[in-house]
Amino acid sequence: MCGIAGIFSQDRAKAAGALHRMVEAQKHRGPDGNGESIMPFGSGVLALGHTRLAVIDVSPAGAQPMIHPATGDRLVFNGEIYNHRHVRRELSARGCIFRGTSDSETLLHALVEWGPDCISRLEGMFAFAFHRAATGELLLARDPLGIKPLYLARGRNLIFASEVRAILRSGLVSREMSARGLAGLLSYGAVQHPFTLFEAVRSFPAGCWQRFHADGRVDDPIRFWAPARPDPARDMAGTVAAVREAVDAAVRDHLISDVPLGLFLSSGLDSSIVAGMAARHVPDLRSFTVGFADNPDMNELALAGKTARLFGLRHTECLINGDDALNAVTAWLDALDQPSIDGLNVYVISKAARERGIKVALSGQGGDELFGGYSSFRDVPMLHRMMRPISALPPAIRRRLAEIATFGRPASTKAKAAAIAGCKGDLASLYMQRRRLMTPAQLRLLGIDHGDVGLTADFHDPGEIDKLAIDEKDPAWTVSLLESRFYLGNMLLRDGDANSMAHGFEIRVPFLDRRLIDLMASVPAHIRLPADGRPKHLLRAAFPDILRPELLSQPKSGFALPIGRWMTGPLLDVCREGIESLKGCGLLNPAGIDTIWDIFAAEPETPAWSRAFLCVVTGQYIQRIAEPAEVRMAS
């Protein structure tokens with residue numbers, strides 16, 4: 001796990017200075033070393049930089065940028081290739097000679113030997129840049145689900161990096177804000193692909209590679225992975241056996257490391273399964289759980305601790321309180337790559353694990369998206385059925401019916417119901433409304449309208465939904481796809497990477513192993529979530545030896561922080577400062593911001609806290625990147 005950076009420029013001196021600033025901006029991602037390399041590239045130069053978190057082959061043989069001894073080809077790579085030993089054996093049989101044992105070197109030789117065709121062979125998480133010297137080509141690529149980030153800015157220079165702030169630190173990119181990026185952020189709590197909060201910077205598409213030529217030509221992105229379609233021939237018994245086999249193989253392969261590793265353990269099913277399977281492959285494994293000293297009703301320490309004892313894990317409980325929260329939030333805000341409602345929990349637990357000598361941890365992330373753990377798997381199909389009888393009614397009437405049906409409920413609940421009732425009623429639209437943080441009406445109070453900024457009614461880039469080939473006949477497959485692409489891809493994975501790597505810490509997600517996501521994409525709805533079954537039916541059926549009754553009977557849980565409570569206590573001053581910053585920057589209607597805060601103040605125990613906190617985080621972020629007078633929206 002590392003940070004990568006690169007620039008294609010006509011000015012060598014300018015490229016060298018900019019690259020160095022970008023590498024420095026990502027040193028937290030790679031505290032174990034860094035490197036920079038500049039080479040001719042057409043009429044200009046290509047500058048490649050790297051910061052290293054040494055996990056596999058910690059010797060100098062794993063340093064980057066890595067240069068092929070025979071061809072002069074170069075690689076900068078961020079991620080882990082879990083099947084690299086198998087790929088290496090194939091390459092050795094073809095005569096390749098290796099200096100070290102890193103997966104980076106395996107990838108370099110694979111790219112030299114097979115070109116981009118090798119990407120489909122890779123099992124892992126990755127974002128990389130590969131320069132082929134003989135043909136004057138630069139290849140960028142990113143793993144199937146976008147576990148590893150990659151951003152780029154194209155203009156007079158091509159600039160790319162693992163973090164947005166590194167591109168900004170180049171000094172070669174405008175900091176004008178993106179209206180579409182801001183609209184997506186406020187709609188969903190995280191900026192939506194392909195946008196960032198800055199007009200000049202875009203997110204590279206997951207599951208794709210793209211070729212850039214030294215003469216300035218740029219090929220279209222090539223998609224090397226797409227989800228499978230449901231296989232009607234699948235049966236329950238065979239699928240349960242396949243799930244257990246695939247999860248075990250994924251966990252086993254994700255344990256490869258030349259440094260100590262651990263795992264994040266909650267009282268939930270996913271992390272318990274990862275813990276149980278990992279303990280069979282690695283002795284003396286470390287585990288970590290967050291607990292709340294002043295919010296005991298939100299603790300899951302007892303169940304997680306019992307799980308750790310059952311599997312023989314060396315367990316650490318990380319207790320935090322209100323004062324700890326204030327310190328953590330301030331540091332977290334300083335470390336943000338992009339504003340988001342999510343990520344403070346990952347920041348806290350990653351810091352705790354890193355301070356205890358661990359560089360790498362496994363997480364249960366991805367289980368909800370693949371196996372149907374979210375309530376959206378139940379709610380979206382139900383809403384789809386409910387909308388059919390009233391779909392012919394005008395949206396205004398449908399919204400009025402929703403308001404009547406939610407009479408007496410909190411204002412935030414009534415607003416959500418009205419927004420759902422007013423949408424088109426297809427699975428994708430219902431899912432988006434279900435996941436929305438702010439409704440269209442709330443956004444209009446802030447001065448944002450989807451049509452004004454060129455987005456769909458769901459506040460996405462036109463065409464993003466069309467690329468997914470939604471299947472209206474299989475709601476479980478469709479919701480899984482949408483959760484993986486949008487909630488997981490645009491928020492959880494992005495924030496998980498940025499907030500763990502803020503401490504030079506690597507999180508691995510075995511449930512998102514490509515073998516497992518390919519398997520689950522082929523599972524039809526009646527097997528994934530039988531009508532008489534419970535959420536995550538296949539995991540419950542596949543791991544009865546790990547999931548003891550007290551885990552199966554508890555409500556869904558995870559590393560949730562009591563942020564809403566803290567906002568009226570130890571974080572109140574931070575919140576007020578963020579709100580005032582956002583009101584003063586000129587991007588949004590101040591009266592709309594006040595309305596969002598006032599609703600939270602009146603309903604602090606409802607989901608209204610999340611909208612208010614997003615305004616706080618956005619205001620704090622903008623305050624850190626520019627003086628108020630410098631903040632402006634791109635035309």
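This is a guided tour of the structure, stop by stop, with a selection to make at each one. Keep in mind that you are looking at a predicted model.

**Stop 1: strand β1**

Start at the N-terminal end and select residues 2-9, which make up strand β1. Eight of the eight residues here are buried, so the strand is largely enclosed by the rest of the structure. Colour alternate residues and you will see that both faces are covered. Cys2, Ile4, Gly6 and Phe8 lie on one side, while Gly3, Ala5, Ile7 and Ser9 lie on the other.

Now add the partners of β1. Strand β3, residues 44-52, runs antiparallel to β1 and is joined to it by eight bridges. To find your place along this pair, look for Ser9, which stands opposite Val45. Then show residues 158-161, strand β9, which is also antiparallel to β1 and shares four bridges with it. Here Ile7 stands opposite Ile159.

**Stop 2: the loop between β3 and β4**

Follow the chain out of β3 and stop at Asp57, in the loop that leads to β4. Check its backbone: phi is near 60°, a positive value in a residue other than glycine. Is Asp57 buried or exposed? It is buried, with a relative accessible area of 8%.

Stay in this loop and select Pro65, which also sits between β3 and β4. The peptide bond that reaches Pro65 from Gln64 is cis, with omega near 0°. As background for both residues, most residues other than glycine have a negative phi, and most peptide bonds are trans.

**Stop 3: the antiparallel sheet**

Next, display the open sheet of six strands, ordered β4-β5-β6-β7-β11-β12, with antiparallel pairing. Its edges are β4 (66-67) and β12 (222-223), each of which pairs on one side only. Helix α3, residues 103-114, packs on this sheet and touches β4, β5 (74-81), β6 and β7. The direction of α3 makes about 125° with that of β5.

Zoom in on β6 (residues 124-132) and β7 (residues 137-142): six bridges join these antiparallel strands. A handy pair to label is His131 and Leu138, which stand opposite each other.

**Stop 4: helix α5 and what follows it**

Select residues 179-188 for helix α5, where eight of the ten residues are buried. Among the buried ones are Leu182, Leu185, Leu186 and Tyr188. Which helices do the buried residues of α5 pack against? They pack against α15 (427-435), α16 (440-445), α17 and α25 (608-625).

Step just past the end of α5 and you meet Gly189, with a positive phi of about 90°. A little further on, select Pro194, in the loop between α5 and β10. A cis peptide bond joins His193 to Pro194, with omega about 5°.

**Stop 5: the second largest pocket**

Bring up a surface for this one. The second largest pocket holds about 950 Å³ of space. Its lining has 45 residues, and to centre your view you can select Pro144, Pro205, Ala206, Arg223 and Arg485, which lie nearest the centre of the pocket.

Which elements give two or more residues to the lining? They are β8 (151-154), β10 (202-203), β11 (208-213), α17 (475-501) and α18 (514-521). The largest share, eight residues, comes from α17. If you colour the lining by residue class, you should count 25 nonpolar, eight polar and twelve charged residues.

**Stop 6: the parallel sheet**

Now show the open sheet of five strands, in the order β15-β14-β13-β16-β17, where the pairing is parallel. The edge strands, each pairing on one side only, are β15 (314-320) and β17 (506-508). Turn the sheet to see its twist, which averages 30° from one strand to the next.

For a closer look, select residues 286-292, strand β14: seven bridges join it to β15, and the two run parallel. Phe292 in this pair stands opposite Ile320.

**Stop 7: Lys536**

Finish at Lys536, in the loop between α19 (525-528) and α20 (537-542). Although not a glycine, Lys536 has a positive phi of about 60°. Lys536 is also buried, with a relative accessible area of 6%.

Definitions and conventions
Residues numbered from 1 in each chain as written. Predicted model: local features only at pLDDT ≥ 70, side-chain atom pairs only at ≥ 80, totals over all residues. Heavy atoms only, no water. Pairing = 2+ DSSP bridges. Axes fitted to C-alpha atoms, helices over the stretch in contact; angles between N-to-C directions. Contact = heavy atoms within 4.5 Å. 1 Å grid on protein atoms, 1.4 Å probe; cavity = no way out; pocket = protein on both sides within 12 Å on 5 of 7 lines; lining within 4 Å. Points joined across faces, edges and corners; volume = space filled by probe spheres on them. Nonpolar A, V, L, I, M, F, W, Y, C, P; charged D, E, K, R; others polar. Buried < 20%, exposed > 50% of the residue type's maximum accessible area, 1.4 Å probe, protein only.
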